[in-house]
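Work through the exercises below with the model open. Try each task before reading its solution.

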Amino acid sequence: MPSLRSRALSAALVATGRRRRFATAEAVRATVARSARRPASHLPPRSLGRVAEVSRTFVGAWPVYDASPRGAEPVARVLYVHGGAFVDELVRPHWSLVRTLVTRARARVVVPAYVLAPRGTADRTVPVAADLLSGLIESGGAGGTILLGDSAGAGLALAAAQRLRERTGAQPSRIVLVSPWLDVSMTHPDQAAIEPADPVLARAGLAEAGRLYAGTLPFDDPRVSPLHGSFEGLAPLTVFTGTRDVLSTDSRELLRRARAAGVEVEWHEEPGLPHGYPLLPVPEGRAARERIVELVTAAAADPL
């Protein structure tokens, strides 16, 4: 049974019409058009600078933020790839997670503000993300590297890990996926039954966002939908999902395919929880964040 707070938050999301942004393809195109006219900020909140040394560099057209513990050496590295259906920028809950990783896990957290769709398409985006991951793994310093992503960012993160494995065989210490979006086609037969209970997402809008991100590539290209890629040789996986998430089908398919390929998978599925619950201010979200902190702390002992 979900906590009272999580049930109340899900009800509030429904009442405020959160899902309308993804209700139709037209709604997503309207969001993209508004963003083109007035781009949203991806800047970190000023409060992050009170606990972290924050810098920004550019990798091509991507602003890339680097946050490390203020006054202390980081013990591990995290590449965090944010969600937002490939059409939305970093928002406060993303930065709140970064703050938690910096302060609680003493991690150096690298956060790319990647180019959004339709300008940023999978054929351009995945190689840059793979380059960032490779550079972070090779950068040296204490501890290992965690690759972390939520929602669309989790899909991009997994595609980058697959791409890096194909290039060099290198992998991070662990890959952590929060409510991952791994097949942009939105055609899994179980999604229709889950969708009415999802307070955040709807299939029609996601399919349009996926189309914009795919560009000229087919939906089943692993760069677009890494669920269709190979899982051989990937790092151990940790996956968080909730049963009120229309994308939970992707997580379950990932579990099946990764384990069949011999990949270790740590699995967390919360009954009655919505998309992205580990980022939400609910007891189950706090527990998930605690587990992520534990995983990053464990990577401190990894020599990679």
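**Exercise 1. A backbone outlier**

In which loop is Ala-85 found? Classify its burial and list what is unusual about its backbone.

Solution. This is a predicted model. Step one: place the residue. Ala-85 sits in the loop between strand E3 (76-81) and H3. Step two: check the backbone. Its phi is positive, about 60 degrees, although Ala-85 is not a glycine. Step three: apply the burial cut-off. Buried means under 20% relative accessible area. Ala-85 has 4%, so it counts as buried.

**Exercise 2. Another positive phi**

Is Arg-106 buried, partly exposed or exposed? Locate it as well.

Solution. Start with the location: Arg-106 is in the loop between H3 and E4. Its phi is positive too, about 50 degrees, and it is not a glycine. Now the accessibility. The partly exposed class runs between 20% and 50%. Arg-106 has 38%, so it counts as partly exposed.

**Exercise 3. A cis bond**

Which two residues does a cis peptide bond join?

Solution. The bond links Ala-117 and Pro-118. Omega is about 10 degrees there. Next, find the element. Pro-118 belongs to the loop between strand E4 (107-112) and helix H4 (122-138).

**Exercise 4. Two buried helix residues**

Describe the surroundings of Ser-10 and Ala-209, skipping neighbours within four places in sequence.

Solution. Take Ser-10 first. It lies in helix H1, residues 4-15. Its relative accessible area is 2%, so it is buried. Its contacts beyond those neighbours are Pro-199, Arg-244 and Pro-274.

Now Ala-209. It lies in helix H7, residues 203-214. Its relative accessible area is 0%, so it is buried. Outside the skipped neighbours, Ala-209 contacts Val-28, Ala-85, Val-87 and Trp-181. Ala-85 is the loop residue with the positive phi. Finally, a distance: the C-alpha atoms of Ala-209 and Thr-249 are 18 Å apart, with their positions 40 residues apart along the chain.

**Exercise 5. The largest pocket**

How many residues line the largest pocket, and which lie nearest its centre?

Solution. Begin with the volume, about 1,100 Å³. The lining has 46 residues. Nearest the centre are Gly-83, Gly-84, Val-87, Asp-88 and Glu-89. Then split the lining by class: 27 nonpolar, eleven polar and eight charged residues. Last, look at the helices. H1, helix H2 (25-37) and helix H3 (92-104) each supply at least two lining residues. H2 gives the most, with five.

**Exercise 6. Nonpolar cores**

Which residues have the most contacts inside the largest nonpolar core?

Solution. That core has 65 residues. The best-connected are Phe-86, Trp-181, Leu-206, Phe-231 and Leu-254. Inspect Leu-254 next. Leaving out residues up to four places away in sequence, Leu-254 touches Leu-158, Leu-177, Leu-182, Leu-227, Phe-231, Leu-237, Val-239 and Arg-259. There is also a second, separate core of 34 residues; among its members are Val-98, Leu-101, Ile-146 and Val-296. In soluble globular proteins, nonpolar side chains tend to be buried together.

**Exercise 7. Helix H9**

What span does helix H9 reach, and what span is expected?

Solution. Helix H9 covers residues 283-299, 17 in number. From first C-alpha to last it reaches 25 Å, close to the 24 Å expected at 1.5 Å a residue. Now mark its buried residues: Glu-284, Gly-285, Ala-288, Arg-289, Ile-292, Val-293, Leu-295, Val-296 and Ala-299. An α-helix has 3.6 residues a turn, so residues three or four places apart point the same way.

Conventions:
Residues are numbered from 1 along each chain as its sequence is written. This is a predicted model: local features need pLDDT of at least 70, side-chain atom pairs count only at pLDDT 80 or more; totals for chains, interfaces and linings use all residues. Side-chain values use heavy atoms; hydrogens and water are left out. Helices (H or I, at least four residues) and strands (E, at least two) are DSSP runs, numbered from the N terminus. Buried means under 20% relative accessible area, exposed over 50%, partly exposed in between (1.4 Å probe, protein chains only). Contact means heavy atoms within 4.5 Å. On a 1 Å grid over the protein atoms alone, a cavity is a set of points where a 1.4 Å probe fits but cannot get out, and a pocket is an open set with protein on both sides within 12 Å along at least five of seven lines; lining residues have an atom within 4 Å of a point. Grid points are joined across faces, edges and corners, and a volume is the space filled by probe spheres set on the points. Ala, Val, Leu, Ile, Met, Phe, Trp, Tyr, Cys and Pro count as nonpolar, Asp, Glu, Lys and Arg as charged, and the others, Gly among them, as polar. A nonpolar core is a set of buried Ala, Val, Leu, Ile, Met, Phe, Trp, Tyr and Cys residues joined through side-chain atoms within 4.5 Å. The expected span of a helix is 1.5 Å times one less than its number of residues.
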